[in-house]
Amino acid sequence: MKDTIILAIESSCDETSCAILKNDELVANIVSTQIEVHQKYGGVMPEIASRLHLENIICVIDEALNKANITLEDVDAFAVTRGPGLIGALHVGLQAIKTLSLIYNKPIIPVHHLCGHIYANEYIDELKFPLLAVVVSGGNTELVLMKDNLEFEIIGETKDDAIGESFDKVARVLGLPYPGGIQIDKLAKEGKHTYNLPTPLHDGSLNVSYSGLKTAVINLVHKLEQNHETVNIKDLAKSFQDIAVNMIIDRVKKAVNQYEIKEIVLAGGVSANSYLREEITRIFKDTNIKVIIPPLWCTTDNAAMIAKVASHLYKKKIFAPLSIGVDPSWRIEDYNKF
């Protein structure tokens with residue numbers, strides 16, 4: 001029986017990545033990160049990200065092919081992140097895949113970035129449905145109900161800022177380097193919850209809001225500085241993180257009571273947050289609900305997660321025409337509409 005080989009590209013933000021999946025075996029996953037460049041600006045600069053993707057994409061493809069010991073002629077399908085993400089960054093990956101598809105006459109598989117984060121958990125264990133995916137990242141915060149494979153229903157989401165975005169903005173006002181989530185998580189372990197911050201959005205829904213919390217921290221820091229008072233960064237990091245993460249925990253508990261759930265999976269960059277991982281594990285430890293915590297390498301953007309979703313789409317023959325474009329605001333519920 002012939003092997004099925006999928007080559008996938010991820011370029012939605014500040015990582016350029018190429019992965020190769022041979023049947024269900026990940027034989028290559030090359031990631032070129034831009035973090036050191038963007039740290040100079042305190043966050044991702046979209047135009048610079050696009051230029052760096054252009055510089056790196058051929059290199060990561062070549063390295064992945066060498067590691068997998070295959071050639072482009074061996075590939076059965078080319079997968080790529082179509083969205084959501086930075087429009088210029090997405091275009092680099094898509095144009096590369098279009099070129100390869102045209103040259104080698106192989107199908108294009110467009111993959112939703114957040115689907116990738118969810119299915120990255122399959123590198124740990126088989127997903128069991130119905131499940132609740134807790135998608136938390138720099139650009140997205142969603143509770144996604146999956147009643148079956150490749151079935152997505154958003155049952156809760158942020159009304160404004162994403163949780164990761166709020167972490168980065170709070171870190172910036174505290175003078176912490178990018179990416180801010182890592183810094184706040186580290187400092188919070190040494191701090192105490194001493195600052196009185198608001199918990200936004202008490203409407204009983206599964207939605208969350210981070211704009212008010214972020215603004216409260218910024219205003220508090222500015223007020224203390226104007227009064228020549230010292231900001232206890234460790235305590236403020238702890239106070240902020242407790243509220244930010246507990247909003248997610250609260251909605252997860254509500255969702256479990258409202259829907260039949262067999263499994264909870266964490267997904268996205270903020271799933272690396274130690275407090276979130278510990279609390280989710282603790283709360284559901286003695287229940288019938290299984291919790292999958294992704295390894296840290298799965299929490300950052302990479303093409304391995306795109307290849308994993310593509311393997312499911314390949315079996316369903318969900319392919320795209322060469323005329324396909326990127327969609328920076330693509331909804332996960334519309335993952336197969338393009």
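The exercises below, each with a worked solution, examine a predicted model.

**Exercise 1. Determine which residues of helix H9 are buried and what covers them.**

Step 1. Locate the helix: H9 spans residues 274-283.

Step 2. List its buried residues, which are Ser-274, Tyr-275, Leu-276, Arg-277, Glu-279 and Ile-280.

Step 3. Identify the cover. The elements over these buried residues include strand E6 (131-136), strand E9 (263-267) and strand E10 (290-292), together with helix H6 (180-188), helix H8 (233-258) and helix H10 (296-299).

Step 4. Inspect the start of H9. There, a side-chain oxygen of Asn-273 comes within 3.1 Å of the backbone nitrogen of Tyr-275.

**Exercise 2. Describe how H8 and H9 pack against each other.**

Step 1. Establish the geometry. The axes of H8 and H9 are 10 Å apart, and the packing angle is about 35 degrees. The crossing of H8 past H9 is right-handed.

Step 2. Name the residues in contact. H8 contributes Gln-241, Asp-242, Val-245, Asn-246, Ile-248, Ile-249, Val-252 and Lys-253, while H9 contributes Tyr-275, Leu-276, Glu-279, Ile-280 and Ile-283.

Step 3. Sort these residues by character. Eight residues of the contact between H8 and H9 are nonpolar, two are polar and three are charged.

**Exercise 3. Identify the residues that touch the most other members of the largest nonpolar core, and the elements that build this core.**

Step 1. Begin with the membership. The largest nonpolar core has 46 residues, and those touching the most other members are Leu-132, Val-134, Phe-240, Ile-248, Val-252 and Ile-264.

Step 2. Turn to the elements. Two or more residues of this core come from each of E6, strand E7 (141-146), helix H5 (163-173), H6, helix H7 (211-226), H8, E9 and H9. H8 supplies the largest share, namely twelve residues.

Step 3. Follow one member, Val-252. Apart from neighbours within four places in sequence, Val-252 contacts Leu-132, Val-134, Leu-143, Ile-264, Ile-280 and Phe-284.

Step 4. Note the other core. A second, separate core holds 38 residues, among them Ala-79, Tyr-119, Met-146 and Val-309.

**Exercise 4. Find the buried residues of H6 and their cover.**

Step 1. The buried residues in H6 are Gly-180, Ile-184, Asp-185, Leu-187 and Ala-188.

Step 2. Their cover includes H5, H8 and H9.

**Exercise 5. Decide whether Gln-34 and Thr-141 are buried or exposed, and describe their surroundings.**

Step 1. Place Gln-34, which sits in the loop between strand E3 (25-33) and helix H1 (35-39).

Step 2. Apply the cut-off. Gln-34 counts as buried because its relative accessible area is 2%, and buried means under 20%.

Step 3. Look around Gln-34. Not counting residues up to four places away in sequence, Gln-34 touches Cys-13, Asp-14, Thr-16, Ala-49, Leu-52 and His-53. The side chain of Gln-34 also makes a polar contact of 2.7 Å with the side chain of His-38.

Step 4. Repeat the procedure for Thr-141, a residue of strand E7. Thr-141 has a relative accessible area of 4% and is therefore buried.

Step 5. Examine the contacts of Thr-141. With residues up to four places away in sequence set aside, those it touches include Val-135, Val-136, Gly-156, Ile-163, Tyr-210 and Ile-248. A polar atom of the Thr-141 side chain lies 2.8 Å from the backbone nitrogen of Ile-163.

**Exercise 6. Locate the cis peptide bonds at Pro-130 and Pro-179, and the positive phi values at Asn-23 and Leu-150.**

Step 1. Recall the general pattern: most peptide bonds are trans, and most residues other than glycine have a negative phi.

Step 2. Consider the peptide bonds. Phe-129 and Pro-130 are joined by a cis bond with omega about 0 degrees, and Pro-130 lies in the loop between helix H4 (113-119) and E6. From Tyr-178 to Pro-179 the bond is also cis, with omega near -5 degrees; Pro-179 belongs to the loop between H5 and H6.

Step 3. Consider phi. Asn-23 has a positive phi of about 55 degrees and stands in the loop between strand E2 (15-22) and E3. Leu-150 has a positive phi near 60 degrees and is placed in the loop between E7 and strand E8 (153-157).

Step 4. Add the accessibility. Asn-23 is partly exposed, with a relative accessible area of 38%, whereas Leu-150 is buried, with a value of 4%.

Terms used: Residues numbered from 1 in each chain as written. Predicted model: local features only at pLDDT ≥ 70, side-chain atom pairs only at ≥ 80, totals over all residues. Heavy atoms only, no water. Buried < 20%, exposed > 50% of the residue type's maximum accessible area, 1.4 Å probe, protein only. Helix = DSSP H or I, 4+ residues; strand = E, 2+ residues; numbered from the N terminus. Contact = heavy atoms within 4.5 Å. Polar contact = N/O pair within 3.5 Å; in protein donor to acceptor, adjacent residues only side chain to side chain. Core = buried A, V, L, I, M, F, W, Y, C linked by side-chain atoms within 4.5 Å. Axes fitted to C-alpha atoms, helices over the stretch in contact; angles between N-to-C directions. Left-handed = near helix turned anticlockwise from the far one by under 90°. Nonpolar A, V, L, I, M, F, W, Y, C, P; charged D, E, K, R; others polar.
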